Amino acid sequence: MKTDTNRKILEFITKKGQTTPKEIIDFIGFSAPAVFRQLKKLLEKGLIQKSGLSPNVFYHLPMSAKERIKGQIVRWVTEEHAFDLETDFYCPTRDVFQARQDKLPKNLIQMTNDEQLSFLLSAVVGEIGNNSFDHNLGNWPDVSGIFFKIDRDEEIIMLADRGQGVYASLKKIKPDIIDDKGALKVAFTEIISGRMPEHRGNGLKFVRRVIIENNLKLEFFSGQAKCVIKNRQTDFLESGKNISGTVAIIDFKITI
Amino acid sequence: MKLELKKFGTTLSSRPAAREAWLAMRAYVLTDKKPGEKIEVDFTGVQVLTPSWADEFISALQMEYPNEVILLPSDNRSVQLSLEFVNKN
């Protein structure tokens, strides 16, 4: 019986990626103490890990800190109902984002010791973050604004929104795009504009150029697709996730 | 005449901010421009420039004053790359 419960819990965590104790209890249907006893055993065996502080505790399969951080933000955009973000990383309006972005060059210089790279990365963050506001202003499906966080330890910058996503934005002005992957390919490689004579649509091309020139890594998710730029190569792939809006993860660790 | 962009901040990022900068410049600074006078755009002190800001501000300026806008050279890579993206389209 217990083995069966453990297996069910493990399968549930595997399926969800990361999950809260409440979700596990609701799924299993046993009392909270009984579920916590099983969770403790799974933790002791090293089959799962626990992250966060009460009341924001998550259980997940063993993973690196970087994978866990990425997983949390992917979870924010894949859940049907968004959980509340920490206020330090939530920018409900463009003004809040702008104020945080203004501090970014100085913070990045401290981390990278490279002034020009820090300015370029700040421009990349500005393009991605402002894109979210530009394309969803007055039209956010549920939660307005964006998530924006720099993780100093893992040397990653993350941005995410629960907006319409790239495909929904682009198909209005380019109806021949048929899916998320096609939309990402256009966004990262073709110049288009939804409001001529503005050169709107340049942003992600600029992002790609900066990432490639500086041999950084970008993972950009939208809908069921992702764009991965790594080792100066760009690939457009199915992500295996369904992301409402966009998620961008920039890995700026300098590789020599 | 010279337009010093650092007066709008050291991080020039969003389209709405650029639009506001352009409208202010047109209403209060460019009114002093003499006919035929060149406009030098100075990027000194700007740390971060995005293609969106550049497109909204520089393209509007170039459209309003064709052949009269001179973009002064900058050694800042984000300025160089953003201008390249705006000018090649």
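**Exercise 1. The sheet of chain A**

Work out how strand β5 (residues 146–151) and strand β6 (residues 156–161) of chain A are paired, and over how many bridges; then place these strands in their sheet and find what packs on it.

*Solution.* Step one is the pair itself: in this predicted model, β5(A) and β6(A) run in the antiparallel sense and are joined over six bridges. One position within the pairing can be followed residue by residue, since A:Asp151 stands opposite A:Ile156 in β6(A).

Step two is to widen the view to the sheet, which is open and has five strands in the order β4-β5-β6-β8-β7 of chain A, with antiparallel pairing. At the edges stand β4 (90–91) and β7 (217–230) of chain A, and because each has a single partner strand, one side of each is left without a neighbour in the sheet.

Step three is to look at the helices. Helix α5(A) packs on the sheet, where α5(A) touches β4, β5 and β6 of chain A, and its direction makes about 15° with that of β5(A). Helix α9(A), in turn, lies across β7 and β8 of chain A and runs at about 35° to β7(A).

**Exercise 2. A salt bridge between distant parts**

Decide whether the side chains of A:Lys66 and A:Asp251 meet the distance rule for a salt bridge, and say where in the chain the two residues lie.

*Solution.* The rule asks for a nitrogen of Lys or Arg within 4 Å of a carboxyl oxygen of Asp or Glu. For A:Lys66 and A:Asp251 the N to O distance is 3.0 Å, and the pair is therefore counted as a salt bridge. The pair links distant parts of the chain, with A:Lys66 in helix α4 (residues 65–78) and A:Asp251 in strand β8 (residues 233–251) of chain A, 185 residues apart. Over all chains, a search of the whole structure finds 24 salt bridges.

**Exercise 3. The sheet of chain B**

Find the order of the three strands in the open sheet of chain B, and trace which residues stand opposite one another in it.

*Solution.* The order is β1-β3-β5, and the pairing is parallel. Since β1 (2–4) and β5 (69–71) of chain B stand at the edges with a single partner strand each, one side of each is left without a neighbour in the sheet. Neighbouring strands are turned by 25° against each other on average, direction ignored.

Next, take the pairs in turn. Three bridges join β1(B) to β3(B), and here B:Glu4 stands opposite B:Asp42. Three bridges also join strand β3 (residues 39–42) of chain B to β5(B), where B:Ile39 stands opposite B:Val69 and B:Glu40 stands opposite B:Ile70.

**Exercise 4. The interface**

Describe the interface of chain A and chain B by its residues, its buried area and its polar links.

*Solution.* Begin with the contacts: 26 residues of chain A are in contact with 27 residues of chain B. The area buried between the two chains is about 2,200 Å², of which carbon and sulfur atoms give 55%.

Then count the links, which come to seven residue pairs in polar contact, both residues being at pLDDT 80 or more. The rule also finds two salt bridges across the interface; one of them joins A:Arg209 to B:Glu84, the closest N and O atoms being 2.9 Å apart.

Finally, ask which helices supply the side of chain A that touches chain B: α5 (94–112), α6 (115–136) and α9 (203–213) of chain A each give at least two residues. The largest share, nine residues, comes from α6(A). By type, the residues of this side divide into eight nonpolar, eight polar and 10 charged.

Methods:
Residues numbered from 1 in each chain as written. Chains lettered and ligands numbered in written order. Predicted model: local features only at pLDDT ≥ 70, side-chain atom pairs only at ≥ 80, totals over all residues. Heavy atoms only, no water. Contact = heavy atoms within 4.5 Å. Buried area = accessible area lost by both parts, 1.4 Å probe. Polar contact = N/O pair within 3.5 Å; in protein donor to acceptor, adjacent residues only side chain to side chain. Helix = DSSP H or I, 4+ residues; strand = E, 2+ residues; numbered from the N terminus. Nonpolar A, V, L, I, M, F, W, Y, C, P; charged D, E, K, R; others polar. Pairing = 2+ DSSP bridges. Axes fitted to C-alpha atoms, helices over the stretch in contact; angles between N-to-C directions.
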